[in-house]
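Got the viewer open and a selection box ready? Let's take a walk through this one, stop by stop.

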Amino acid sequence: MSYLGLLYQDLIRQKALTPSGKLPPVLPVVLYNGEERWRVAQNVSALVERVPGGLEHYRPELSYLLLDEGAIVEASDWSDETRNVAAALFRLEHNRDEQDMLAVLGQLVEWLKAPEQTGLRRAFVVWIRRVMLPHRAPGMELPEFNNLQDLHEVHDMLAERIKKWPERWVEEGREEGREEGRLEAKQETARNLITRTEMDDAMIAEIAGLPIEDVARLRAESRH
């Protein structure tokens, strides 16, 4: 409601009114891509306390069009007519797994193959490169990806690369496990030195290979 009022004020200052001298109609839209479903009131009147008498007539009313991406993607009665490019973008943001992502990309390749859709195809390539993949596979190096200019090339490249993602995640998990094991060993060494010696924190930190702040924390924990 505040945004709509500010927009109308700006249009009035610009004298950007309709031919009849009135303010243009505005469709308020909320695009929501959170994991939880949208539970907020969809009309400002629901947020205003009801009062008796004629004052009820003057309570502000403003509703908005809600596009809850997760709800749209999960709807079982989603018709073919609503399976458009915007909905495909929602599915890419909320894809269940890599195969679902590839399936949506395949549909986009088919839908956007016409020459006049070149700009939209490139826009999807940029979004996939800068937004979707960094979120989906952080740290994944795709050196040739920056050279891809069209959507079908992106689809083909990902179809090949996705096969290797599970292997990479397993190796990363192993490395994380080894790193956690090394940290636990260092902390155990520090605990033993704290309880069995009179060494100060700086000396223990140097021997155990830990930051002195971690040693101070372990010493404080040992006192409880």
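Start with everything selected and a surface switched on: the accessible surface of the chain comes to about 15600 Å², and 54% of that belongs to carbon and sulfur atoms. Keep in mind that this is a predicted model. Of the chain's 224 residues, 27% count as buried.

Now swap the surface for a cartoon. You should find nine helices and two strands. Reading from the N terminus, the order is α-β-β-α-α-α-α-α-α-α-α. As for how the chain folds back on itself, take the contacts between residues at least 6 apart in sequence: 48% of them join residues at least 24 apart.

**Stop one: the second largest pocket**

Select M1, P28, V30, L62 and Y64. What are you looking at? Of the 18 residues lining the second largest pocket, these are the closest to its centre. The volume of this pocket is about 360 Å³. Rolling a probe the size of a water molecule over the atoms shows where empty space is left.

Which elements give two or more residues to that lining? Colour α1 (2–14) and β1 (29–32), and you have them. Helix α1 gives the most, with three residues. If you colour the lining by residue class, you get 15 nonpolar, three polar and no charged.

**Stop two: just past α1**

Move on to K15, in the loop between α1 and β1. Check its backbone: phi is near 55 degrees, a positive value in a residue other than glycine. Is K15 buried or exposed? Its relative accessibility is 74%, and the cut-off for exposed is over 50%, so K15 counts as exposed.

**Stop three: between the strands**

Next, select S45, in the loop between β1 and β2. At 9% relative accessibility this serine falls under the 20% cut-off, so S45 counts as buried. Show what is around S45: leaving aside neighbours within four places in sequence, it is in contact with R59, P60 and E61.

**Stop four: strand β2**

Jump to D68, which sits in strand β2 (residues 65–68). With a relative accessible area of 5%, D68 is buried. Which residues does D68 touch, not counting those up to four places away in sequence? Add Y32, R37 and W38 to your selection and you have the answer. Try a distance label on one of those pairs: D68 and R37 are 31 residues apart in sequence, yet their C-alpha atoms are 7.2 Å apart in space.

**Stop five: helix α4**

Put another distance label across α4 (residues 98–111), from one end C-alpha to the other. You should read 20 Å, which agrees with the 20 Å expected for 14 residues at 1.5 Å a residue. Then pick out the buried residues of α4: E98, D100, M101, L102, V104, L105 and L108. While you look down the axis, remember that an α-helix has 3.6 residues a turn, so residues three or four places apart point the same way.

**Last stop: helix α7**

Finish at Q187, in helix α7 (residues 165–196). At 15% relative accessibility, Q187 counts as buried. Where do its contacts lie? Leaving out residues up to four places away in sequence, Q187 touches L210, R217 and L218. For a final label, join Q187 to L210: 23 residues separate them in sequence, and the C-alpha to C-alpha distance is 7.7 Å.

Key:
Residues numbered from 1 in each chain as written. Predicted model: local features only at pLDDT ≥ 70, side-chain atom pairs only at ≥ 80, totals over all residues. Heavy atoms only, no water. 1 Å grid on protein atoms, 1.4 Å probe; cavity = no way out; pocket = protein on both sides within 12 Å on 5 of 7 lines; lining within 4 Å. Points joined across faces, edges and corners; volume = space filled by probe spheres on them. Helix = DSSP H or I, 4+ residues; strand = E, 2+ residues; numbered from the N terminus. Nonpolar A, V, L, I, M, F, W, Y, C, P; charged D, E, K, R; others polar. Expected span 1.5 Å × (residues − 1). Buried < 20%, exposed > 50% of the residue type's maximum accessible area, 1.4 Å probe, protein only. Contact = heavy atoms within 4.5 Å. Areas by Shrake-Rupley, 256 points an atom, 1.4 Å probe, with all protein chains shown as cover.
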